[in-house]
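Here is a short set of exercises with worked solutions. Try each task before you read on.

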Amino acid sequence: MPKLKIEGIGEFEVIAGTRLVNALEDNGGEPLHRCGGNARCTTCRVEFLEGEPEHMTEAEKTKLEDKKDSLGQFRLSCQCTVDHDMHVKVLMPFSESGFDDPGPRPADHVTP
Ligand code: FES
């Protein structure tokens with residue numbers, strides 16, 4: 001199983017193919033996911049310290065290109081799956097957000 005290291009939290013084994021946003025949620029990473037994992041809100045953003053996926057969904061690419069200066073700055077954890085070892089930093093953790101909840105839980109598979 002691939003290893004997911006969450007900066008400041010710890011290292012975890014994750015079932016290959018797990019959606020990154022949900023793997024973060026289930027292991028105390030506290031990601032926001034205000035749009036429910038549909039590449040619309042960008043609150044699930046992460047910085048890859050190691051193991052950034054080469055593949056980018058069309059939805060993520062379009063969103064990051066639309067949002068000024070975002071491409072190359074961060075990735076959307078709702079658009080990535082854990083299929084190899086990775087080390088990430090959650091950039092907008094729920095506990096620092098001021099929101100009442102992190103947002104609806106994203107589906108198990110990447111959407112839209
Ligand atoms: S862009 Fe909204 S949860 Fe990922």
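The exercises below go from the whole chain to single residues. The model is predicted.

**Exercise 1. Overall build**

Work out how many helices and strands the protein has, and in what pattern they follow one another.

Solution.
- Count the elements: there are 2 helices and 7 strands.
- Now read along the sequence: the pattern is β-β-β-α-β-α-β-β-β.

**Exercise 2. Size and packing**

Compare the radius of gyration of the protein with that of a compact globule.

Solution.
- Start from the length, 112 residues; a compact globule of that length would have a radius of gyration near 13 Å.
- The protein has 13 Å, which agrees with the globule value.
- Next, take the extent: along its principal axes the C-alpha trace spans about 35 × 35 × 25 Å.
- Then turn to burial, where buried means under 20% relative accessible area. Of the 112 residues, 41% count as buried.
- Finish with contacts. Take those between residues at least 6 apart in sequence: 68% of them join residues at least 24 apart.

**Exercise 3. Surface and charge**

Find how much accessible surface the protein has, and how many positive and negative side chains.

Solution.
- The accessible surface comes to about 6,000 Å².
- Carbon and sulfur atoms account for 46% of that surface.
- The charged side chains number 13 positive and 21 negative.
- The centres of these two sets lie 5 Å apart.

**Exercise 4. The sheet**

Establish the strand order in the open sheet and say which strands stand at the edges.

Solution.
- Begin with S1 (residues 3-6) and S7: they run parallel and are joined by 3 bridges. Here Ile6 has Val88 of S7 as its bridge partner.
- Move on to S4 and S7 (residues 86-90): this pair is antiparallel, over 4 bridges. Glu50 stands opposite His87, and Glu47 stands opposite Lys89.
- Add S4 (residues 45-50) and S5 (residues 75-76): they pair in the antiparallel sense over 2 bridges. Val46 of this pairing stands opposite Arg75 in S5.
- Put the order together: 5 strands form an open sheet, S2-S1-S7-S4-S5, with mixed pairing.
- Read off the edges: S2 (10-13) and S5 each have a single partner strand, so one side of each is left without a neighbour in the sheet.

**Exercise 5. Buried or exposed?**

Decide whether S7 is largely enclosed, then place Lys68 and judge its exposure.

Solution.
- Check S7: 4 of its 5 residues are buried, so S7 is largely enclosed by the rest of the structure.
- Locate Lys68: it sits in the loop between helix H2 (58-66) and S5.
- Apply the cut-off: exposed means over 50% relative accessible area. Lys68 has 71%, so Lys68 is exposed.
- Last, compare sequence and space: Lys68 and Cys80 are 12 residues apart in sequence. Their C-alpha atoms are 21 Å apart in space.

Terms used:
Residues are numbered from 1 along each chain as its sequence is written. This is a predicted model: local features need pLDDT of at least 70, side-chain atom pairs count only at pLDDT 80 or more; totals for chains, interfaces and linings use all residues. Side-chain values use heavy atoms; hydrogens and water are left out. The radius of gyration is taken over C-alpha atoms; the globule rule is 2.2 Å times the number of residues to the power 0.38. Buried means under 20% relative accessible area, exposed over 50%, partly exposed in between (1.4 Å probe, protein chains only). Contact means heavy atoms within 4.5 Å. Accessible areas come from the Shrake-Rupley method with a 1.4 Å probe; for residues, only the protein chains shown count as cover. Lys and Arg count as positive and Asp and Glu as negative; His and the chain ends are not counted. The place of a charge is taken as NZ of Lys, CZ of Arg, CG of Asp or CD of Glu. Two strands pair if DSSP finds at least two bridges between them.
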